[in-house]
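Q: Could you take a close look at one sheet in this model and walk me through how its strands are arranged and what packs on them?

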Amino acid sequence: MKVVALVSGGKDSCYAMMRCIDYGHEIVALANLMPLDDSVDELDSYMYQTVGHQIVVGYAECMGLPLFRRRIRGSTRHQHLNYKMTSGDEVEDMFVLLNEVKKQIPSITAVSSGAIASDYQRLRVESVCSRLGLVSLAYLWKQDQTLLLEEMIERGIIAITIKVAAMGLNPAKHLGRELADLIPYLLQIKELCGINVCGEGGEYETLTLDCPLFKNARIFLDKFEVILHSPDNIAPVGFLHPLAFHLQHKMEPLSSGSCDIGSGNVGYVCEVQGDSTPDHMVQSLSACSQLGNCTTKNLNLCISRGSRDKFSIGCWIQNVSKTLDGLQEDLISVLGKIELKLNEDGFDWLNVIYIHLYISNMKDFTLANEVYVKFITEKKCFLGVPSRSTIELPLVQVGLGNAFVEVLVANDHSKRVLHVQSISCWAPSCIGPYSQATLHGEVLHMAGQLGLDPPTMTLCSGGPAIEIEQALLNSEAIANCFNSSLVSCAILLTVYCAASLTFCERTEIQHKMESFFDDDSDSIDVKRVASPIFLYILAPALPKGALVEVKPVLYIPENGDYGIGNNLLGSDSKEMVWDFQTYTISGKICAALVSITKDVAAKICPNTEPELISGDHIRVIAKFCVFLVNKVLLDNYLFWGDLMHLKFYYTAYLSMTAETLNLIFYEVFAAFAEDSKSFEMGKEPIFSLIPVLSSGRSASMEDIITCELFASKL
């Protein structure tokens, strides 16, 4: 991609540019924000480094690139973490600046920034990029600061301290010092005082005088004045005010990159004027505008809802005649119906924690996203967009439409959302209205993770074993952001395998999963409390042509008390056979998986060939499943009203339609509800039936039906 780099003059923005080039991108322009008054060195800003702004003008000639600059007219007006477009805010100056760069160089598609740990800064850069249709590149994000600092020096960044503001740093002794000379001392006070060794907490700021990207010249600071801003005895604050500098040329001036503003622009500097440009937001669809679509289709809902804080809504189209209107029409109808149901109950998309998006053909994935982003937007979900997983399922084969959607809903706004849209070395970015993970009620719901290499956002080569290893590493990186780990906190991991995999390849995936959670090496500095539940699902296709996708659910207690019990049950009784696994947090949460294999079905329905499963046999199996679900709940002191979701995955090779199967299960549940008085059965079922190619607790995936339940009192 062609990139405009946000530069402050500091080491981080320069090294971020070097990382961009490492990953095959091309820096074609620079962008800088500076104070309105040239005589002012520092602004009261959480967003911008402005100390040393007088020197940044030299970067254009040093790199042979056009430099776009704008004077900061705004101030910090929107102080919440998640930024919302606010007139007069300093972030709008960045929007105007980058908007002008994009106009003058239309080939630019990405923005580089040096964010390492500040969510405040990253989210604002991402917000501006999203509005301009640009990709945010933040290759320093979440990297180890000690390693970063050492890499910067090793790779030739020559920078001096231009501001100090931390315990252990003295303006008289440490201002103007080369960073390479200060590293030992910075590491020392890091151990003593806990400073951010890269200065990410404002401990110090730097000015880059030379680096490998400065092809034409390097900077020499000839004269400066030391300004003591705060003579504090413990952590005095001071900075350098540059008075004179010059460039020492290295060779004939070279242009470092190609751009679209014509030739002869080595050292070209453009000061961007103008007021904030009106934002052109994507028009969102609503249930009202799409009501016609919803009412003309045979839409069905299922609702797993008790008296607790979270519940599920599933929606699909009954399409026994298999008339294909297309994914776009079907998904609009399904999302519109869910939105109507949310509104009827006093909720909206802001309350949604997680979304399962099932489509009939992965070739329509891009089209599905285009519809999706018109319903679920960052504007509607200002606390954070829901996490999501997407897979292809054999929907049409069982008489359903092209789209099936499940949403997990919370009746409050206490969720905590992790949504990183920047491409980085940390974990795969989520560019758009779906997030990496959402925490609510001590349960972390993570988006489906592919084996993507984070900095390139491409699938790792080498086959399914390599992909699942990378997917688990990506999941671990996300878990770490919540001070947790997969090994210590995972409750349930759903592993989606592509249908193209051989049995041996699926078995290898299972071995990789098991070894990851059985790893006692020092590389995973956590203690495994109990083994999580594994659910394997065979799907026709996955996003990006992936071979495997993993979807973790974690338990993250507020007080650190896990109280976990894990129980793998199997009975050798000749009168009754069951095969299920539970994972419980005493008095709080219970997850369970019930497997109905052909062998189990044969024992439940004696004198029956496993290949000849009829409606009567399914009825018996459904009763057996209800019995086991009830048993799991009672054994763990939970009730039907505590259910968050209850799913039945069934093989699409059963000789019956989804409509027939749904009717049988509904009748069984209704009869049980009437007899037991455990719950009330409305017109919508409390369960969802999901067609898959196959499923099970192992990679063999031999279940006829797999039941997944999740109940919580949190």
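**A five-stranded sheet**

A: Let's start with one pair of strands: β12 (residues 310–318) and β15 (residues 400–410) run antiparallel and are joined by eight bridges. Strands here are DSSP E runs of at least two residues and helices are H or I runs of at least four, both numbered from the N terminus; two strands pair if DSSP finds at least two bridges between them. Within this pair, Ser312 has Leu408 of β15 as its bridge partner.

A word on the source: this is a predicted model, where local features need pLDDT of at least 70, side-chain atom pairs count only at pLDDT 80 or more, and totals for chains, interfaces and linings use all residues. Residues are numbered from 1 along each chain as its sequence is written, and side-chain values use heavy atoms, with hydrogens and water left out.

Now for the whole sheet. It is open and has five strands with mixed pairing, in the order β11-β12-β15-β13-β14. Because β11 (299–304) and β14 (387–392) stand at the edges with a single partner strand each, one side of each is left without a neighbour in the sheet. On average, neighbouring strands are turned by 15° against each other, direction ignored. Axes are lines fitted to C-alpha atoms, for helices over the stretch in contact, and angles run from 0 to 180 degrees between N-to-C directions.

Finally, the packing: helix α10 (residues 327–344) lies against this sheet and touches β11, β12, β13 (352–359) and β15, where contact means heavy atoms within 4.5 Å. The direction of α10 makes about 30° with that of β15.
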